[in-house]
Amino acid sequence: MPLPAVLLLGFIAGATIVLGMPLGRMRSTAPSLRTMLNAIAAGILLFIFWDVLAHAWEPIDTGLGDLHAGKGDMGAVLGLGLLFAAGLAVGLLGLTWYERWMVRRSGDEHLSPRRLALLIAVGIGLHNFAEGLAIGQSAASGELQLAIVLVIGFALHNATEGFGIVAPLAADVDEHGHRRIPSWAQLLLLALIGGGPTVLGTWVGTFFISDVVSVLFLTLAAGSILYVVLQMIGIGMRARRGDLVAYGVLIGLIAGFVTDAIVTAGGA
């Protein structure tokens with residue numbers, strides 16, 4: 001399959017992230033609505049965290065099964081396990097240290113909604129790079145039907161991820177309580193950070209297949225997403241509406257699993 005056609009598949013998978021971006025320009029400032037949107041996004045990200053870790057653990061689980069069957073390599077499995085732990089730690093603790101540095105620098109008690117949206121886009125971008133690797137590897141190995149199914153599945157997932165990125169912006173208000181509306185350019189930049197790595201990963205995936213690269217980027221993404229989920233749940237709890245946080249997280253989780261079920265039913 002020609003490289004431009006493969007890259008087009010990666011672009012389609014990543015581009016649907018823009019579908020959720022217009023929600024970032026909602027003008028409602030109702031506190032309960034902001035809390036609910038934030039919690040739904042946290043639920044979606046919580047599903048993505050589970051999904052990413054499941055894929056990152058897969059080659060390790062396969063290696064352990066091979067060891068049990070007497071045909072595996074203990075060194076390779078141990079190496080992937082250490083990489084799994086290191087990637088998760090760097091993704092989570094790296095953003096924790098970044099937050100502390102930004103708080104000391106700005107004097108604010110918490111990260112601003114715009115910085116939080118940026119961190120979500122970065123975490124999702126790492127995740128989407130790994131998804132692009134899967135598309136590129138499938139196309140390069142001649143499994144075109146699998147590559148197309150993956151594109152459809154990832155495109156559905158990315159449509160919900162766009163909402164996860166912009167949800168914190170609903171709480172971006174000035175000192176007078178007026179909503180700060182992000183520009184279209186800012187929203188498109190967030191979409192590029194979150195969805196663009198899908199194309200890059202697709203390109204890299206056409207050249208080689210590597211469990212090491214996949215585990216590294218997936219665990220970095222998982223650690224980053226876990227940090228963001230903790231931040232978003234903390235924001236919701238500060239609003240003293242634990243009921244809305246619970247409902248929103250549940251809705252987001254169900255939305256993630258329903259999307260995944262549709263993709264699995266389609267053969268991915």
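## Reading an eight-helix model

Q: Why does the end-to-end distance of helix 7 agree with its length?

A: A helix advances 1.5 Å a residue, so the 28 residues of helix 7 (residues 211-238) should span 40 Å. The C-alpha atoms at its two ends lie 40 Å apart, which agrees. Keep in mind that this model is predicted.

Q: What phi does Arg 240 take?

A: Arg 240 comes just after helix 7 and has a positive phi of about 60°.

Q: How many helices and strands does the protein have?

A: There are 8 helices and 0 strands. Along the sequence the pattern reads α-α-α-α-α-α-α-α.

Q: How do I read contacts against sequence separation?

A: Start with contacts between residues at least 6 apart in sequence. Here 86% of those join residues at least 24 apart.

Q: Which residues touch the most other members of the largest nonpolar core?

A: The general idea: in soluble globular proteins, nonpolar side chains tend to be buried together. In this model, the largest nonpolar core has 51 residues, and Leu 45, Ile 120, Ile 165, Val 228 and Met 232 touch the most other members. Elements giving two or more residues to this core include helix 3 (74-106), helix 7 and helix 8 (242-265). Helix 2 gives the largest share, 15 residues.

Q: What is Leu 45 in contact with, beyond its neighbours within four places in sequence?

A: Its partners are Ile 120, Ile 124, Ile 225, Val 228, Val 229 and Met 232.

Q: Which residues does the second core include?

A: This separate core has 5 residues, among them Leu 9, Ala 13, Val 151 and Phe 154.

Q: How much of the protein is buried?

A: Of its 268 residues, 44% count as buried. The accessible surface is about 12,900 Å², with 69% belonging to carbon and sulfur atoms.

Notes:
Residues numbered from 1 in each chain as written. Predicted model: local features only at pLDDT ≥ 70, side-chain atom pairs only at ≥ 80, totals over all residues. Heavy atoms only, no water. Helix = DSSP H or I, 4+ residues; strand = E, 2+ residues; numbered from the N terminus. Expected span 1.5 Å × (residues − 1). Buried < 20%, exposed > 50% of the residue type's maximum accessible area, 1.4 Å probe, protein only. Contact = heavy atoms within 4.5 Å. Areas by Shrake-Rupley, 256 points an atom, 1.4 Å probe, with all protein chains shown as cover. Core = buried A, V, L, I, M, F, W, Y, C linked by side-chain atoms within 4.5 Å.
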